[in-house]
Amino acid sequence: MDVKRYTKMAYDDFEDMVFGHSLYPVSTGFDLEIGAGYTSAEVNYAPRPSSGESKEKLVAEYEKITTDILQRMVQVGFPSVVLETEHVLQMTTNPEWGAEIAHAQKTIMEEYYDEYGIKCALRNTLADIRGGRESLDLRGDPYDVLMESFEQVASSGADMLSIESLGGKSVFDTAILHNDIPGILFSIGILGTLDVEFIWSEISRIAKKNNVIAAGDTDCSQANTAMFIAGGLLDRKLAHTMAIVARAISAPRSLAAYEAGAVGPGKDCGYENTIIKAITGVPISQEGKASTCAHSDLMGNLVMQCCDLWSNESVEYHGEFGGTSVQCWGETLSYDCSMLNTAIEAGYAKVFRDVLMVSDRYRDPQSFILAFDNAYRIGEAIVKDGNDIYLRSKNAAIEACDIVERGSKGQLELSKFEKASLANATKILHSLTDEKDVFIEEQMDKFKTEMDEFRPENYGY
Amino acid sequence: MIDINPQRTLVRYNVKVEQEMTPEEVAEKLFPVDEAIREVARAVFEGDEDEVVESLQNAIDKGKDPLSLINDALMVGMEIVSTLYDGNMLYLPDVIISAQAMIEGIEFCKERSGQEHEYKGKIVSYVVEGDIHDIGKKIVTVLLKAKGYEVIDLGKDVPVEEVIAAVKRENPIMLTGTALMTTTMSAFKDVNSRLLDSDINVPVVCGGGAVTQDFVSQYDLGLYCEEAADVPKIADAILKGFDVERLRKEFHKH
């Protein structure tokens with residue numbers, strides 16, 4: 001496996017990071033550039049439940065979605081847009097379904113590009129179908145179907161390939177519900193990283209062969225699960241200071257996709273993307289306040305700070321008073337981008353970035369660690385031991401805890417419970433071995449004993 | 001980089017409304033007086049499985065009936081945990097860890113007594129076909145067990161046929177189903193139809209990422225549930241005789 005580890009930061013200074021600009025812009029689709037001096041909306045949608053009954057219904061549904069979005073973009077005068085099709089299960093398990101839908105969407109996009117010159121591109125995020133009923137089956141037959149599906153969408157119209165991969169998921173679910181810090185580190189930092197490396201080597205090969213973009217992964221299945229369970233300020237499901245551990249470790253995990261050939265833009269729900277941008281210089285997509293259609297958010301403005309694509313979370317296609325849901329959200333996102341792009345044109349990008357960031361910086365420990373200066377510091381902790389997937393994950397977690405601890409001596413207010421949880425996490429992290437092999441062996445033994453569904457062979461063991 | 005006084009732009013309500021007493025201090029006031037039972041309840045609160053078994057053994061040695069200890073000690077400890085969770089003093093992992101210690105204790109008591117424990121009621125739980133996201137179901141399952149219910153957990157990605165067969169076989173007081181994706185949640189419709197075809201009027205409690213109250217309300221047996229912590233309360237209401245219409249009035253929040 002040809003993997004290039006990151007052992008130094010792409011950006012020399014966090015002050016250089018800003019929205020709409022990346023060190024390595026991506027050109028794709030119809031005349032679209034990402035991270036090359038402007039931002040674009042990336043609209044994310046889901047078909048209505050009844051449309052999943054047949055391929056024909058799904059194709060028709062996505063044709064309507066595509067037309068609605070593009071129609072609204074030209075009606076309101078937006079220069080660019082990305083459409084993100086997150087596959088429903090049937091589209092990936094039947095590769096020809098996904099291919100036909102990608103072709104249908106791209107055909108409509110081409111018509112709009114030809115007629116209006118609107119810059120646009122299509123991202124396909126495939127469903128990770130490797131989750132079996134009894135246990136994950138990451139390298140067996142479902143993997144072959146998944147890669148066949150990538151091949152088919154790549155050759156049928158998709159401009160960018162992404163996935164929310166599931167490696168480590170079952171171990172993580174158990175670990176997070178038991179406040180098991182080593183288990184969280186093992187599931188995301190080791191198992192997640194190994195799986196991301198494994199699949200992205202192949203996805204990158206497929207992308208190269210078909211002359212499309214290997215865009216990137218997201219730790220949605222783990223770090224976002226922690227964020228979702230943690231919920232709002234008054235929820236008592238998970239300490240937010242525990243969720244920061246999962247988020248920090250998700251960065252070296254999702255980084256593995258870029259080490260295996262991905263070039264960005266990272267997927268919108270990867271809240272770890274600011275850290276990844278700092279390390280790699282690739283463009284990123286982010287979702288924040290416009291993800292409220294799917295879940296609440298404690299950093300709705302802040303995550304816009306360094307985005308190159310600005311996205312929503314998957315919204316069901318249906319009617320609203322102001323049009324269909326995709327038109328409403330597409331318009332909202334695009335107006336946000338118009339504001340960002342105006343700030344760039346006027347020379348106020350960094351001021352605007354700071355306003356976005358500071359508005360949420362102290363809202364929660366989770367937003368605090370992702371403020372671009374702190375995200376950069378976590379990046380530095382990762383690349384310090386960039387060649388060791390264990391140490392860099394551990395470093396990231398410790399740095400995140402230290403950042404919050406330092407913050408709590410200033411403007412960041414923590415509850416007693418959050419302080420206790422943070423102290424506990426820090427203590428446990430510092431007590432862990434520095435030896436990758438020792439740690440992996442311990443955790444492998446533990447989960448082989450305690451979890452019937454855990455299969456080390458999924459990770460090459 | 002600019003900076004501001006955040007207290008002028010946001011409120012950390014979790015810090016503002018924080019309780020003065022720690023959960024441990026509150027729990028200490030709630031533990032039973034009887035020393036043998038108190039130790040079991042405390043071990044459940046602390047989520048220490050070994051300590052639970054050891055304290056149960058001590059209580060049995062002092063003449064307590066193993067089967068009675070389930071309701072009189074283990075469930076009492078768990079009730080304290082639930083009370084503190086409902087009062088925003090504990091977090092979900094605390095409840096899960098305590099519940100597992102309690103379940104271990106129940107098995108120990110059953111083994112020592114040689115008799116079956118009578119649960120409050122039986123509930124069938126599953127994740128819809130095509131969906132492998134089961135963390136929500138795991139949480140619901142533990143919370144139900146913590147409240148004294150027997151849960152038949154069918155797992156994830158469960159075909160409709162299997163759900164119907166389980167309901168016919170187990171005769172539960174309710175069914176709980178979760179779904180993350182819009183295209184998989186249509187399985188609720190099939191479950192609803194198949195149950196009605198068989199004249200089975202068991203409430204189907206639905207939740208999960210893409211599921212909405214409007215969607216679930218389309219189906220005669222459907223009850224939408226937004227918070228996992230509400231599921232045991234729904235089960236309690238069913239035991240009190242609530243039908244689907246009354247359950248919706250009580251638990252549909254929107």
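These legends describe close-up views of a predicted model with chains A and B.

**View 1. The largest nonpolar core.**
This core holds 212 residues. Seven of them touch the most other members: A:Phe19, A:Val81, A:Leu161, A:Ile176, A:Phe186, A:Trp200 and B:Leu74. Helix 6 of chain A (residues 181-209) provides the largest share, 15 residues. Chain B takes part through two domains: domain 1 (22-113) and domain 2 (122-251) each give at least three residues. A second, separate core has 29 residues, among them B:Ile152, B:Ile164, B:Leu175 and B:Phe215.

**View 2. Surroundings of A:Trp200.**
A:Trp200 is among the core residues that touch the most other members. Which residues is A:Trp200 in contact with, leaving aside neighbours within four places in sequence? One stretch is A:Leu161, A:Ser162 and A:Ile163. Another is A:Ala214, A:Ala215, A:Gly216 and A:Asp217. A:Ala257, A:Ala260 and A:Ala262 complete the list. A:Leu161 also appears among the core members that touch the most others.

**View 3. The A:Lys446–A:Asp180 salt bridge.**
The two side chains meet with N and O 2.5 Å apart. A:Lys446 sits in helix 16 of chain A (residues 436-450). A:Asp180 sits in the loop between helix 5 (169-177) and helix 6 of chain A. The pair links distant parts of the chain, 266 residues apart. A:Asp180 has 12% relative accessibility, so it counts as buried. A:Lys446 is partly exposed, with a relative accessible area of 25%.

**View 4. The A:Asp308–A:Lys277 salt bridge.**
Here the N to O distance is 2.9 Å. A:Asp308 lies in the loop between strand 8 (285-287) and strand 9 (309-311) of chain A, and A:Lys277 in helix 9 (residues 273-280), so the bridge ties together parts 31 residues apart in sequence. Are the partners buried or exposed? A:Asp308 counts as buried because its relative accessibility is 0%. A:Lys277 is also at 0% and counts as buried.

**View 5. The A:Lys409–A:Glu405 salt bridge and a network elsewhere in chain A.**
The closest N and O atoms of A:Lys409 and A:Glu405 are 2.6 Å apart. A:Lys409 counts as exposed, at 65% relative accessibility. A:Glu405 is partly exposed, at 36%. Salt bridges with shared partners join A:Glu84, A:Glu86, A:Glu164, A:Lys267 and A:Asp268 into one network. Over all chains, the count comes to 54 salt bridges.

**View 6. Contact between chain A and chain B.**
Chain A contributes 50 residues and chain B 44. About 4300 Å² is buried between the chains, and carbon and sulfur atoms give 58% of this area. Three residues, A:Arg133, A:Leu177 and A:Arg236, supply 21% of the area that chain A buries against chain B. No other three residues supply more.

**View 7. Polar pairs and helices at the contact.**
Between chain A and chain B there are 5 salt bridges. A:Glu453 and B:Lys156 form a salt bridge, with their closest N and O atoms 3.6 Å apart. The count of residue pairs in polar contact between the chains is 18. Which elements give two or more residues to the side of chain A that touches chain B? They are helix 2 (89-93), helix 5, helix 7 (220-230), helix 11 (349-361), helix 13 (372-384) and helix 15 (416-431) of chain A. Helix 11 gives the most, with 6 residues.

Note on methods
Residues numbered from 1 in each chain as written. Chains lettered and ligands numbered in written order. Predicted model: local features only at pLDDT ≥ 70, side-chain atom pairs only at ≥ 80, totals over all residues. Heavy atoms only, no water. Core = buried A, V, L, I, M, F, W, Y, C linked by side-chain atoms within 4.5 Å. Buried < 20%, exposed > 50% of the residue type's maximum accessible area, 1.4 Å probe, protein only. Helix = DSSP H or I, 4+ residues; strand = E, 2+ residues; numbered from the N terminus. Domains from an automatic or database assignment. Contact = heavy atoms within 4.5 Å. Salt bridge = Lys/Arg side-chain N within 4 Å of Asp/Glu carboxyl O. Buried area = accessible area lost by both parts, 1.4 Å probe. Polar contact = N/O pair within 3.5 Å; in protein donor to acceptor, adjacent residues only side chain to side chain.
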